[in-house]
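Please open the model in your viewer and keep the sequence beside it, so that each selection can be found in both. The tour below moves from one selection to the next and says what is there.

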Amino acid sequence: KGDFSVIIKGGDTKDYLFNNINDTPKYGRFYNEYEYETGQMVCYIKDTDAIKLFGNTDVVGMTIETTKSNAILEYTIVGVVEEGKSSSLLSFDMPDSVIIYVPATSMEQYLPAPLYPTQFLYLLAAPEADSTVLSNDLLNDICERHNCKVEDAVYMVSSFDAEMDMINGIINGLTVFIALIASISLIVGGVGVMNIM
């Protein structure tokens, strides 16, 4: 239906867990392990983006052609998904763009590295894992691979637990502040009643 600004999100077969997407597609399926391992040119998209692109949601089998720096990539749609009902801290959309979710390996095969810079890397830890230790190990590993010192690293690693601790700290601070205001209000009200009596 025209030209759109396209955001390509590369991931593995579990990337929908990070993208505020229901785990059962509306049409078709997610890309599978074979397609990920072999870098197949397949994708899935949201139903709202399918309407933007094609005017309807049942678009499995249709193709999306993307162009970046004269490199043309054509992805075949294997699934259409609905956005999850709950908001995600890890998901962000741009209203004037469409998003296609592809195997990260497909970009690696057909685009030189400068054209697909990795800006974010999301990892899902096992339930019993210590996310703080895992985050530190990840940063050490990245710095070792790129010959840099951890203290001089240009990478930022954060864990969901750390972010939740920060949010809880803010909430606790607000709770104390509100309680303080309520206490002052009670004292002022009590003094007013005493004066009246």
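Begin by selecting Asp49, which is buried, with a relative accessible area of 6%. Bear in mind throughout that this is a predicted model. Asp49 has its place in helix 2, which covers residues 47-54. If you leave aside its neighbours within four places in sequence, the residues in contact with Asp49 are Ser97, Val98 and Ile99.

Now add Lys52 to the selection, since its side chain meets that of Asp49 in a salt bridge, with 3.6 Å from N to O. Both residues lie in helix 2, three residues apart, which is about one turn of the helix. An α-helix has 3.6 residues a turn, so residues three or four places apart point the same way. Is Lys52 as buried as its partner, or partly exposed? Lys52 counts as partly exposed because its relative accessible area is 30%, a value that lies between the limits of 20% and 50%.

**The whole of helix 2**

Widen the selection to the whole helix, and colour Asp47, Asp49, Ala50 and Leu53, which are the buried residues of helix 2. Looking down the axis of helix 2, you will find these buried residues within an arc of 155°, so they line one face of the helix. The elements that cover them include strand 3 (42-46), strand 4 (63-68), strand 5 (71-81) and strand 6 (97-103). Just after helix 2, select Gly55, whose phi is positive, near 90°.

**Two further salt bridges**

The structure holds three salt bridges, and the next one to show is that between Lys26 and Asp47, where the closest N and O atoms are 3.5 Å apart. Because Lys26 lies in the loop between strand 1 and strand 2 while Asp47 lies in helix 2, this pair ties together parts that are 21 residues apart in sequence. Lys26 is partly exposed, at 37% relative accessible area, whereas Asp47 is buried, at 12%.

Then select Arg29 and Glu35, whose side chains meet in a salt bridge of 2.8 Å, N to O. Here Arg29 is partly exposed, with a relative accessible area of 35%, and Glu35 is buried, with 8%.

While you are in this part of the sequence, pick out Lys14, which has its place in the loop between strand 1 (5-11) and strand 2 (27-28). Lys14 is partly exposed, with a relative accessible area of 45%. If you draw a distance from the C-alpha of Lys14 to the C-alpha of Asn32, the two are 9.5 Å apart in space, although 18 residues separate them in sequence.

**The nonpolar cores**

In soluble globular proteins, nonpolar side chains tend to be buried together. To look at this here, select Cys43, Ile45, Ile64, Tyr75, Ile77 and Ile100, which touch the most other members among the 15 residues of the largest nonpolar core. Strand 3, helix 2, strand 5 and strand 6 each supply at least two residues of this core, and strand 5 gives the most, with four residues.

Which residues does Ile64 touch, if those up to four places away in sequence are not counted? The list for Ile64 is Cys43, Ile45, Leu53, Phe54, Leu73, Glu74, Tyr75, Ile77 and Ile100. Apart from the largest core lies another, of 10 residues, and you can find this second core by selecting some of its members, among them Tyr16, Ile21, Val81 and Ile99.

**A patch on the surface**

Next go to helix 5, residues 160-196, and select Ile171. Ile171 counts as partly exposed, at 44% relative accessibility. Extend the selection to Met166, Ile167, Ile170, Leu174, Phe177, Ile178 and Ile181, which form a nonpolar patch on the surface with Ile171, together having about 770 Å² of accessible area.

**The whole protein**

Finally, clear the selection and show the whole protein, which has five helices and six strands. Read along the sequence, these elements follow the pattern β-β-α-β-α-β-β-β-α-α-α. Of the 197 residues, 29% count as buried, and the accessible surface comes to about 13,300 Å², of which 57% belongs to carbon and sulfur atoms. Among the contacts with a separation of 6 or more, 67% are between residues 24 or more positions apart.

How values were computed. Residues numbered from 1 in each chain as written. Predicted model: local features only at pLDDT ≥ 70, side-chain atom pairs only at ≥ 80, totals over all residues. Heavy atoms only, no water. Contact = heavy atoms within 4.5 Å. Buried < 20%, exposed > 50% of the residue type's maximum accessible area, 1.4 Å probe, protein only. Areas by Shrake-Rupley, 256 points an atom, 1.4 Å probe, with all protein chains shown as cover. Patch = residues over 30% accessible without salt bridge, like charges linked within 9 Å, V, L, I, M, F, W, Y side chains within 5 Å. Salt bridge = Lys/Arg side-chain N within 4 Å of Asp/Glu carboxyl O. Arc of directions from axis to C-beta. Core = buried A, V, L, I, M, F, W, Y, C linked by side-chain atoms within 4.5 Å.
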